[in-house]
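Let's work through the cysteines of a structure together. Have the sequence and the coordinates open as you go.

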Amino acid sequence: MSRLWVRHRDFLLTGLLCIALSIFCLRLWFSAYTSGDDGYTAFAALNPNGLWASAKEMAFFQGRFYQLLVYPVAMLPFKAESMDVFNICRIANFLFYMAGFAYLCWVAFGKSIMWLSLFLFIGLYDTVGGSYNPFHGLPLWFGVGCGLLCFSIGSFTTAIRAGRYPVMATLLFALSLLTYEIVLLYVPLYGLIAMWVQGKGREHSARTRIFWALKSTSGIALVSIAYLIAYAVFRKIHPASYVGAEGLSLGSPLATLKPIYEFSVLSLYWTTKYSGAHGLTAQSLLLAITVLVGIFASLRQFGRAGHDGAIAESPGMVLLIAGYVFVPNILFGLTQRYRIWSGDGVQFYLGSLSSAMAMCILLAVIIAMLRPKFSARTWQLVGGGIALGIAVLGYANSRNSQNFFAQSEEMSSRWGLADLVSARLKNELLDANAPVPAPYVICGDGFTQTTQLPVYFKNPDMLADADLYWSRYFSRQMKRDVKYTSKGVAPGHCDASIALDYSHHMATYSRIGAAATQIRLPENHHLEW
């Protein structure tokens, strides 16, 4: 029986992982925009002057040169004006950073810790988290950057272990640095990994290990210096007017530490409470069972030999990983804007994904270090208790996530209904063979609620107004000049009216002087099981 388990354990764990990932992908597939920045970026992607104009406006506004490169890419999922395209990019983003996380864990710590870290992440990572969660917000940006960083660190570890210069790791680091400046905080980690790996099992002096570490990280250091120079020069030429880029400052100790702690530790779901509908659902129960079996099966591997050359678990390694739970969020504690956010109750931000990954690795490494202290029989009991505890938290986490994405699924019906209404109105106008006013005014209710478009920029073409977004959307669909308004225009000034009941995936519309017509999308129940 034991041999059979050893032979098939990876197939079992892979199957469980695929089930869990499929559930997450389904949630993303049937979702709408989830943050104001999603709505704003959708608007910016449709700038009549093109993606480059929007990227320049963003880069000049925030004083960040790298947005000239990353923002056009970030706008691509929105450019097609299709929720299917947008959600495909979301799913690709999610699978990419999960692959990077798995690769990093495997090459650095071995297969056993990799499996345990993955199932801990699946059970505990807060996939709702807030508007700025890379899991569901702004695909092809921060999630991709996190994945590139993971692949870079993993590639660096592999190259150092093999005695090669880490060319690929340096390139991946440079690409990840173009997504966000907090990646700079990982530069010391590369040097520490080089010293750790090169000193493992060898009698090198501290001076020799430092020399090899400096040599191995020279490319990463040069990239970082060039980045900082470009950043400073660009900020000098284009001073930022964005309040989030006002520079670093110190607040009170509590105000400074609060966002660092909360953005880091609360990236994992540490409670059995959740918002929204209660009661058992098959989807969340399946995910909890998957986490339960996955963690228990992962723990059964401990005590056997890990991946050859894996970084050894030690108190020093625990401290290093624990430090990098908090490192991604240090700059937010030193920025007044984010201290204010934290004081207002925000507990999740862009560094939280990296913190969650580090925390899952930390938990897995600590558990691995505890394994030799227990007999095989006792370890099965301990492992069962750990797996059950994480599964309980995982169920609450999944239920909270399921409720959130069920609401988002309802909101996603807006785009499908807008397409159907546009097609019907266009055909009815052609059939009526009547002169069409320019602009054709549609008075609507409901479309603006999901496209939260804050006003950011001075450029009139970039004013992120929801009515203007839908005016342009209906204009492109109907191939005529359309003005959409939700501001309560007098009935005599409307050529058509739309009332949206997104909870039932239904729109009621009528041309003025014609009978009202109802349009309903097929009901979807994928998030209810």
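Below are three short exercises on cysteines, each with a worked solution.

This is a predicted model in which local features need pLDDT of at least 70 and side-chain atom pairs count only at pLDDT 80 or more, while totals for chains, interfaces and linings use all residues. Residues are numbered from 1 along each chain as its sequence is written, and side-chain values use heavy atoms, with hydrogens and water left out.

**Exercise 1.** Find which cysteines form a disulfide, and give its handedness.

*Solution.* Start with the criterion: a disulfide is a pair of cysteine sulfur atoms within 2.5 Å. C443 and C494 meet it, with their sulfur atoms 1.6 Å apart. The structure holds one disulfide. Next, take the torsion about the S-S bond of C443 and C494: it is about -70°, so this disulfide is left-handed.

**Exercise 2.** Work out where C443 and C494 lie, and whether C443 is buried or exposed.

*Solution.* Strands here are DSSP runs (E, at least two residues), numbered from the N terminus. C443 sits in strand 1 (residues 440-445), and C494 in the loop between strand 2 (482-485) and strand 3 (496-501), so the pair ties together parts that are 51 residues apart in sequence. For burial, use relative accessible area with a 1.4 Å probe and protein chains only: buried is under 20%, exposed over 50%, partly exposed in between. C443 is buried at 14%, and C494 is buried at 7%.

**Exercise 3.** Explain why C18 has no bond to C25, then look at C360.

*Solution.* The closest cysteine sulfur to that of C18 belongs to C25, and at 9.9 Å it is too far for a bond. C18 is partly exposed, at 42% relative accessibility. C360 is in no disulfide either, since the nearest cysteine sulfur, in C105, is 8.6 Å away. With 0% relative accessibility, C360 is buried.

Notes. Helices (H or I, at least four residues) and strands (E, at least two) are DSSP runs, numbered from the N terminus.
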